[in-house]
Amino acid sequence: YCVPIIFYKPGSDLKGIKHRIAQQIDIMPTILNYLNFDEPYIAFGNNLLDDSYESFAFNTNGSTYNLYMKDHILEMIDNKPIGFYNYKTDLFLENNLNGKEPELQSQMEDKLKAIIQTYNGRLIDNKMVVK
């Protein structure tokens, strides 16, 4: 999905950012960073104005998890990859590259598993906020 977003503040130095993967959970860390908020907080997203990290997005529809990173989509069910696609060259996701780019796929699998584990652990232990 493509949803445009504009951060506007009269007289600010905010400028356009180049095309990158982003998601709605990136809004809070972006705004807090721009406001120089220096207290601890928990966010699964990242500051959209910081180019020092690899941008990514993830979502789930129940049992299926998807990670969007670089030009690829990784689809996993029960912590097992079932689909790996280059969404820029394969718009209809017809060419499953599962196992064909092992280094990138492994990196994406590890990242998605870490996100799932962190989210579930914090939810179960009721630790979604910093106390």
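# A tour from Met128 inwards

Start at Met128: with a relative accessibility of 27%, this residue counts as partly exposed, because the partly exposed class lies between 20% and 50%. Keep in mind that the model is predicted. Met128 sits in the segment after H2. Show its neighbours next. Leaving out residues up to four places away in sequence, Met128 touches Ile42, Phe44, Tyr119, Arg122 and Leu123. Now draw a distance from Met128 to Tyr41. The two are 87 residues apart in sequence, yet their C-alpha atoms are 9.0 Å apart in space.

**Zoom out: the whole chain**

Switch to a cartoon view. How many helices and strands does the chain have? There are 2 helices and 4 strands. Following the sequence, the pattern reads α-β-β-β-β-α. The C-alpha trace spans about 50 × 40 × 25 Å along its principal axes.

Turn on the surface. The accessible area of the chain is about 9400 Å², and carbon and sulfur atoms hold 53% of that. Of the 131 residues in the chain, 26% are buried. Among contacts with a separation of 6 or more, 40% are between residues 24 or more positions apart.

Colour by charge. The chain carries 13 positive and 17 negative side chains. The centres of these two sets are 4 Å apart.

**Helix H1**

Select residues 27–34. This is helix H1, and its buried residues include Pro29, Thr30 and Leu32. Step on to Asn36, which follows H1. Its phi is positive, near 60°.

**The sheet**

Select the four strands together. They make an open sheet in the order S1-S2-S3-S4, with antiparallel pairing. Which strands form the edges? S1 (56–60) and S4 (80–86) do, each pairing on one side only. On average, neighbouring strands in this sheet are turned by 15° against each other, ignoring direction.

Walk across the sheet, one pair at a time.

*S1 and S2.* Select S2, residues 64–69, alongside S1. The two run antiparallel and are joined by 5 bridges. Pick Phe56: its bridge partner in S2 is Met69. Then pick Phe58, which stands opposite Leu67 in S2. Follow the backbone through the turn. S1 and S2 form a hairpin with 3 residues between them. Gly62 lies in that turn, with a positive phi of about 115°.

*S2 and S3.* Move to S3, residues 72–77. S2 and S3 pair in the antiparallel sense, over 6 bridges. Select Asn66 to find its bridge partner in S3, Glu75. The hairpin here has 2 residues between the strands. Lys70 in the turn has a positive phi of about 55°.

*S3 and S4.* These strands also get 6 bridges, and they run antiparallel. Select His72 and look across to Asn86, its bridge partner in S4. Again the strands form a hairpin with 2 residues between them. In this turn the residue to click is Asp78, with a positive phi of about 50°.

**Helix H2 across the sheet**

Select residues 102–124. This is helix H2, which lies across S1, S2, S3 and S4. What angle does H2 make with S2? H2 runs at about 125° to S2.

Now centre on Ile115, a residue of helix H2. Is Ile115 buried or exposed? It counts as buried, because its relative accessibility is 12% and the cut-off for buried is under 20%. Show the residues around Ile115. Apart from residues up to four places away in sequence, Ile115 touches Phe44, Phe56, Phe58 and Leu67. Two of these names come from the S1 stop: Phe56 is the partner of Met69, and Phe58 stands opposite Leu67.

Draw one more distance, from Ile115 to Leu67. They are 48 residues apart along the chain, and their C-alpha atoms are separated by 9.8 Å.

**Last stop: Phe44**

Finish by selecting Phe44 with Ile115 and Met128. Ile115 touches Phe44, and so does Met128. Ile115 is buried, whereas Met128 is partly exposed. From Phe44, one contact leads to helix H2 at Ile115, and another to the segment after H2 at Met128, where the tour began.

How values were computed:
Residues are numbered from 1 along each chain as its sequence is written. This is a predicted model: local features need pLDDT of at least 70, side-chain atom pairs count only at pLDDT 80 or more; totals for chains, interfaces and linings use all residues. Side-chain values use heavy atoms; hydrogens and water are left out. Two strands pair if DSSP finds at least two bridges between them. Axes are lines fitted to C-alpha atoms, for helices over the stretch in contact, and angles run from 0 to 180 degrees between N-to-C directions. Contact means heavy atoms within 4.5 Å. Buried means under 20% relative accessible area, exposed over 50%, partly exposed in between (1.4 Å probe, protein chains only). Accessible areas come from the Shrake-Rupley method with a 1.4 Å probe; for residues, only the protein chains shown count as cover. Lys and Arg count as positive and Asp and Glu as negative; His and the chain ends are not counted. The place of a charge is taken as NZ of Lys, CZ of Arg, CG of Asp or CD of Glu.
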